[in-house]
Amino acid sequence: MKAEQHLPALIWYLQRRGRSDRGVVIAVRTREICGVDRRCGWALRRLMMSLVAQGLAKRHKQGVYLIERESLGRVLSVLQKLI
């Protein structure tokens with residue numbers, strides 16, 4: 001699966017945002033992770049939509065997903081199992 005090569009970048013992004021940001025939710029912006037790489041953006045969309053299907057994330061708008069800070073540990077463990 002193509003998403004596996006972008007998985008470490010997503011995990012690192014979530015760990016960094018989980019430590020540094022304030023607030024109740026963490027906003028995952030695919031543009032910050034991938035830039036203009038469309039293949040990376042599509043792979044991250046598939047990963048994030050799988051988290052949305054499991055109820056761990058919420059799609060806010062195109063390219064932006066919200067994860068509650070209290071469920072960040074579960075999200076990271078699910079993503080690490082995919083590696």
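Which element gives the most to the lining of the largest pocket? In this predicted model, the answer is helix H3, with 4 residues, and the way to that pocket can be followed by starting from helix H1.

Helix H1 runs over residues 7-20, and at 1.5 Å a residue its 14 residues should span 20 Å, which agrees with the 20 Å that separates its end C-alpha atoms. Along this helix the buried residues, that is, those under 20% relative accessible area, are Leu7, Leu10, Ile11, Tyr13, Leu14 and Arg17. Because these residues cover an arc of only 160° around the axis, they sit on the same side of H1. The spacing behind such a pattern is a general one: an α-helix has 3.6 residues a turn, so residues three or four places apart point the same way. On the face of H1 turned away from its buried side, the exposed residues are Trp12, Arg19 and Ser20.

The cover over the buried residues of H1 comes from several parts of the chain, including strand E1 (25-29), helix H2 (30-34), helix H3 (38-53), strand E3 (64-68) and helix H4 (72-82).

Some of these elements return at the largest pocket, where H2, H3 and E3 each supply at least two residues of the lining. The space in this pocket comes to about 380 Å³, and its lining is made of 16 residues, among which Thr30, Arg31, Gly41, Gln62 and Gly63 lie nearest the centre. Sorted by class, the lining holds 6 charged residues together with 5 polar and 5 nonpolar ones.

Note on methods. Residues are numbered from 1 along each chain as its sequence is written. This is a predicted model: local features need pLDDT of at least 70, side-chain atom pairs count only at pLDDT 80 or more; totals for chains, interfaces and linings use all residues. Side-chain values use heavy atoms; hydrogens and water are left out. The expected span of a helix is 1.5 Å times one less than its number of residues. Buried means under 20% relative accessible area, exposed over 50%, partly exposed in between (1.4 Å probe, protein chains only). The arc is that of the directions from the helix axis to the C-beta atoms. Contact means heavy atoms within 4.5 Å. On a 1 Å grid over the protein atoms alone, a cavity is a set of points where a 1.4 Å probe fits but cannot get out, and a pocket is an open set with protein on both sides within 12 Å along at least five of seven lines; lining residues have an atom within 4 Å of a point. Grid points are joined across faces, edges and corners, and a volume is the space filled by probe spheres set on the points. Ala, Val, Leu, Ile, Met, Phe, Trp, Tyr, Cys and Pro count as nonpolar, Asp, Glu, Lys and Arg as charged, and the others, Gly among them, as polar.
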